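Q: Can you walk me through this one? I have the sequence and the coordinates open.

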Amino acid sequence: MKKGTIIIALLSIMTSVFLYFYTLKLPMPTSPNVPGPAYVPKLYLTLAVVLAATIIISNWISRLPDKDVNWERSPFVIMGIALMLLSVFFINLLGYFIVTFIFIIGMVLLMGGKLTHAFGASFLFLTFIYLVFVKLFHLPLPKGTFF
Amino acid sequence: MIENLLYGMEILFTWTNLLAVLIGVTAGIAVGVLPGLGPSIGVALLVPFTYTLDPATSLILLAALYVGAEYGGSISAILISTPGTAAAVATVIDGYALNQRGFPGKALNASLISSTVGGIISTLFLIFLSIPLASFALRFGPPEYFSLGVFGLAIVASLSGKSLAKGLLMAVLGLIVTTVGVDPISGVPRFTFGRYELLEGIPFLPALIGMFAIAEVFKMLEESLKKTAVTQKIESALLSLKEIRSIVPTILRGSVIGSLVGTIPGAGAGVACWIAYDQEKRLSKNPDEFGKGALAGIAAPESANNATVGGALVPLLALGVPGSPTTAIMLGALMLHGLQPGPQLFVKNPDVVYSLFVSLFFACILMLFVGLMFTKLWIKILSLPISVLGPIIFALSVIGAFTVRKMVFDVFLAFGFGILGFIFKKYEFPLAPAILGMVLGFMIEANLRRSLLLSQGDFSIFFTRPLSLLLIVLALVSFIYPIYKGWKKEMETKKVEEIKANENQQ
């Protein structure tokens, strides 16, 4: 039985049902012949439930395990993902350049890179981004509260 | 016509205009490569620099950038699984797969050659068929747009991989994403949960960057931590003549599809690339190779998306109706110079029109040389260790997601889609149908409801208009044919297995 696939399908059903109830709060159409704002979402959500149920049933019957799905090293992956998430959180506080400088160094080291590579990559990448986005195109990048 | 084209050449072959083409193409490639900057942002950024130039030079510069950017989007799609533009999404599938097999040079070459030919063919369409094509495009009303959307969505059957149900579910999830935000007809907010950032809906590019680029970084992270990841062997080999010959029919078909779809205002490169990809997969003798690095899987979407450039200029020049966001900005640029696009433009300002035609040809050819010059440099990027490449892709993704609306909220969105993409990929839920749903969702819903408003809820409106009916029939064929083909193949395999089993028993 493909556990992961079934869990994803179940989550899809739960989300669809939750959203379906949300559509009941949307206003009714002004004319009975004309579809209102809830019409299309309801159609999609019903389809999603039917399809997800089909996936669950067919996987339940087949009873085959998920192929090549390995979460053994998930603690390390979670550390990396947490570092990325933290960097996004701190962008509003410290700004893109400072956060990215620290993030690249941390991430390169976490992924097994050398310290020199980490500093070099961070410095060169940010210089390139500064020249292209800020100086050449005058495109704003996220600024922090302090910087 | 020939006289006018010669006149156009005379205008183009001045140092200023040739330099404008070179700058435009190079800047376009750069703009396309960087996620978050597409042709529309590139053209918008360049417009202020054209105030002091004469109208013909301005338009030449902007058109060259447009051409370059459509190609540039494929470079990051192939190298780091991050489509630089929405039109390069389909290229990721086979482009990145071929890169992963160790042949980034071949993938980049296929993309470059296809983009060049696509651009040239669409320019021919533009020159010879502007007026008839523009009137064809104008026949599209809401029912036809809805049917076109359904036709595009029918491709899902061939993008679903092993499980049709999974592919369909992903397409529906993509469609659901597009219902977030203010309802296009009544103006009622839906699924916004009080967040003003969601009123405009979930922006496409951050979602795309998340599902492809950030999900890929997660995968790299996993690989690097296994410590068993073998450094990928990168071949710098380019396409052989035999390989080029093999993709010529694909390029021609993709170019025609792109040119036609490009003329339909609102359809654009994002739709054309998928239609061309599906078409090619259906015609292929080896459809199983698609998704694993098939050259035709790169050539079809790339020729189609570059061919939409000429196509999108058709309604702009012939009718004054922009066919894409980029041509809408170009329309603004033309008006800044006191020009009014439409049939009169051909009479009053032939210098502008015909020099643009010739410059599009020239821009495509120049793009080939500039692209070839940089291919080895792009490949070098891949020799960076995974521990450096991964964080850089993430940092670039942050910029790409942020640049669209200048909101950090979109970076969080991209991150969320990244996690979803990573999990979906692990459990073999195909991402391409979800993207297709996101590309087509708005077109389908808005035009379905507009059509039903027009017909007072009568669905026969989609079947009584010839063009709409034709598209629906094509959609049905598109959807059923791959399923039938797959079923037939399965039956044949079973038969062979049965015969073998019988022989073994005997």
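**Chain A, then its partner**

A: Start with burial: chain A has 147 residues, and 27% of them count as buried. Keep in mind that this is a predicted model.

Q: What is chain A built from, in helices and strands?
A: Chain A has five helices and zero strands. Read from the N terminus, the order of its elements is α-α-α-α-α.

Q: What share of the contacts in chain A with a separation of 6 or more comes from residues 24 or more positions apart?
A: Such residues account for 62% of those contacts.

Q: Take α1 and α2 of chain A. How do their axes cross?
A: Helix α1 of chain A covers residues 3–23 and helix α2 covers residues 39–62. Their axes come within 9 Å and cross at roughly 155 degrees. An angle over 145 degrees counts as roughly antiparallel, so α1(A) is roughly antiparallel to α2(A).

Q: Is that crossing left-handed or right-handed?
A: The crossing of α1(A) with α2(A) is left-handed.

Q: Which residues meet there?
A: On the α1(A) side they include Ile6(A), Ala9(A), Ile13(A) and Tyr20(A). On the α2(A) side, Leu45(A), Val49(A), Ala52(A) and Ile56(A) are among them. By class, the contact of α1(A) with α2(A) has 15 nonpolar residues, five polar and one charged.

Q: Now the two chains. How many residues does each give to the contact?
A: Chain B gives 49 residues and chain A gives 54. On the side of chain B that touches chain A, the elements giving two or more residues are α9 (164–177), α10 (204–226), α17, α18 and α19.

Q: Which of those gives the most?
A: α17(B) does, with eleven residues. The whole side of chain B that touches chain A divides into 31 nonpolar, eight polar and ten charged residues.

Q: How does α17(B) lie against α4(A)?
A: Helix α4 of chain A is residues 96–110, and its axis comes within 9 Å of that of α17(B), crossing at roughly 150 degrees. The two helices are therefore roughly antiparallel to each other. α4(A) passes α17(B) in a right-handed crossing.

Q: And which residues make that contact?
A: From α4(A) they are Thr100(A), Phe103(A), Ile104(A), Met107(A) and Val108(A). From α17(B) they are Ser387(B), Val388(B), Gly390(B), Pro391(B), Ile392(B) and Ala395(B). The contact of α4(A) with α17(B) has eight nonpolar, three polar and no charged residues.

Q: Different topic: the core. Which residues touch the most other members of the largest nonpolar core?
A: Ala363(B) and Leu436(B), out of 198 residues in that core. Helix α4 of chain B, residues 55–80, gives the most to this core, with 17 residues.

Q: What is Leu436(B) in contact with, leaving aside neighbours within four places in sequence?
A: The list includes Leu153(B), Ile155(B), Val156(B), Leu159(B), Ala171(B) and Trp274(B).

Q: Last thing: what is the phi of Lys406(B)?
A: Lys406(B) has a positive phi of about 60 degrees and is not a glycine. Most residues other than glycine have a negative phi. Lys406(B) is in the loop between α17 (386–405) and α18 (408–426) of chain B. This lysine counts as exposed because there are 11 C-beta neighbours inside 10 Å, and the cut-off for exposed is 12 or fewer.

Q: And what about Glu428(B), what is its phi?
A: Glu428(B) also has a positive phi of about 60 degrees without being a glycine. Glu428(B) is in the loop between α18 and α19 (431–454) of chain B. With 17 other C-beta atoms within 10 Å, Glu428(B) is partly exposed.

Conventions
Residues numbered from 1 in each chain as written. Chains lettered and ligands numbered in written order. Predicted model: local features only at pLDDT ≥ 70, side-chain atom pairs only at ≥ 80, totals over all residues. Axes fitted to C-alpha atoms, helices over the stretch in contact; angles between N-to-C directions. Helix = DSSP H or I, 4+ residues; strand = E, 2+ residues; numbered from the N terminus. Parallel < 35°, antiparallel > 145°, perpendicular 65-115°, else oblique. Left-handed = near helix turned anticlockwise from the far one by under 90°. Contact = placed C-beta atoms within 7 Å. Nonpolar A, V, L, I, M, F, W, Y, C, P; charged D, E, K, R; others polar. Buried ≥ 20, exposed ≤ 12 C-beta atoms within 10 Å, placed from the backbone. Core = buried A, V, L, I, M, F, W, Y, C linked by C-beta atoms within 7 Å.
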